[in-house]
Amino acid sequence: MIYHIPSIYTPVRSVLAIWHQLTKAEIPELAKCSVLMRERSRVEETIYAMQRAGAGSLQVISDFDMTLTRFAHNGKRVPTTHNILDNQLLIDEDCTKKMRELLNTYYPIEIDASRTAEEKLPLMVEWWTKVHKLLISQRIRKDMLAQAVRESSAMLRDGYKVFFDRLTEQQVPLLIFSAGVGDVLEEVIRQNHVFLPNVHVISNYMDFDQTGVLRAFKGQLIHTFNKREGALSHAAGLRALQGRPNVLLLGDSLGDLTMADGVSQHQNLLTIGFLNDQVDERKESYMNSFDIVLVKDETMDVPNAILRYITSSRYRK
Ligand code: TMP
Ligand code: MG
């Protein structure tokens, strides 16, 4: 038999209601019209639980291309780490043309809401394999990468400095887990002065010969839909992430959701998805998959506000 005891029931409800007011006041960024949440109360309860546990229990796992970097700027697409390599310093015209053709063929497949991840997986392997083969054929020089990044229009999202600085200040590890090119990614964050000691990177790294010429890519290929394997084989072993059961995950692809699969026994997981493109087609699946969806939001405002709340002792009871 179920007893309803009004004197207990009512206060519990009003405490929850007060709490909802609290997040509204403390994290006003969650009220932005670009923020979508299927279950607002679950988001608030998770943020609250993470805040009670504090910065010492937290780790952040983030995708790179189109998550930490902007999707577009002044109406033009911002290059991904692969596309930064599209520079005459590194590759010839024919290679540029072929890489662009591949991008035009496979990117629409990557974001196609009508195909499953299983259907996309072999096609992504095909894309990455073809591009890496092309890049290797170009005999890219390691010592030219920094200049190519400088000459590119690579751009981190607005508010990135606050994001990286807060994590460093609070000694929260940040794992950047990218299917892009690790060497280029590192150069982008180095040139933006945020390659800090708490930052760890898992990505596709180039293998150079003794003369500094690209001859292969190291390790197992990471593409958008096999991050789970990388999480289990690499992220799970990272000491800096151990003993931190609360995870804030940021991504722009549904494949990014598996980046936290290497975290054994996570207590609280909060996922934020940047929905940059094909908004109408993908809105529903993103809302069903990420806790918070940010629609065409080029800033780090929401992750920053959540981090400020979780890591601030000001709000601790
Ligand atoms: P990410 O895991 O850091 O987001 O990097 C993967 C992104 O890179 C993915 O969304 C597709 C993109 N990409 C290109 O832009 N050009 C390419 O040639 C390849 C292989 C991937
Ligand atoms: Mg991405």
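Mentor: Welcome! This is a predicted model, and a good place to start is helix H8 (residues 182-191), which lies across S5 and S6 and runs at about 125 degrees to S5.

Trainee: Which other helix lies across S5, and at what angle does that one run?

Mentor: That is helix H7 (residues 160-169), running at about 135 degrees to S5. Besides strand S5 (174-181), H7 lies across strand S2 (58-62), S6 and strand S9 (246-251).

Trainee: How should I read the sheet itself, and what is the order of its strands?

Mentor: Follow the pairing from one strand to its neighbour. Here you find an open sheet of seven strands with mixed pairing, in the order S1-S11-S10-S9-S2-S5-S6. Its edges are strand S1 (35-37) and strand S6 (199-204), each of which pairs on one side only. On average, neighbouring strands of this sheet are turned by 20 degrees against each other, direction ignored.

Trainee: In which sense do S1 and S11 pair?

Mentor: They are antiparallel: three bridges link S1 to strand S11 (residues 292-295). For a pair to look at, take Met37, which stands opposite Ile292 in S11.

Trainee: Now the metal. Which residues are the protein donors of the magnesium ion (ligand 2)?

Mentor: With a metal, ask both which residue and which atom faces it. Asp63 and Asp252 each donate through OD, whereas Asp65 uses O, and these donors lie 2.0 to 2.2 Å from the magnesium ion (ligand 2). Along the sequence, the donor residues are spaced D-x1-D-x186-D.

Trainee: Are Asp63 and Asp65 buried or exposed?

Mentor: Both are buried.

Trainee: And how do I read a pocket?

Mentor: Rolling a probe the size of a water molecule over the atoms shows where empty space is left. In this model, the largest pocket holds about 910 Å³ of space. Its lining has 39 residues, and those nearest its centre are Val78, Pro79, Thr80, Asn83 and Leu103.

Trainee: Which element gives the most to the lining of the largest pocket?

Mentor: Helix H4 does, with eight residues. Elements that each supply at least two lining residues include strand S4 (76-77), helix H3 (81-84), helix H4 (93-110), helix H5 (117-137) and helix H6 (145-151). S5 is also one of them, so to speak a familiar strand by now, as H8 lies across it too.

Trainee: One last helix: how many residues of H11 are buried?

Mentor: Nine of the 11 residues in helix H11 (residues 301-311) are buried, leaving the helix mostly covered. Among them are Val302, Pro303, Ile306, Leu307, Tyr309 and Ile310.

Note on methods. Residues numbered from 1 in each chain as written. Chains lettered and ligands numbered in written order. Predicted model: local features only at pLDDT ≥ 70, side-chain atom pairs only at ≥ 80, totals over all residues. Heavy atoms only, no water. Pairing = 2+ DSSP bridges. Helix = DSSP H or I, 4+ residues; strand = E, 2+ residues; numbered from the N terminus. Axes fitted to C-alpha atoms, helices over the stretch in contact; angles between N-to-C directions. Contact = heavy atoms within 4.5 Å. Donors = N, O, S within 2.8 Å, 3.2 Å for Na, K, Ca; no water. Buried < 20%, exposed > 50% of the residue type's maximum accessible area, 1.4 Å probe, protein only. 1 Å grid on protein atoms, 1.4 Å probe; cavity = no way out; pocket = protein on both sides within 12 Å on 5 of 7 lines; lining within 4 Å. Points joined across faces, edges and corners; volume = space filled by probe spheres on them.
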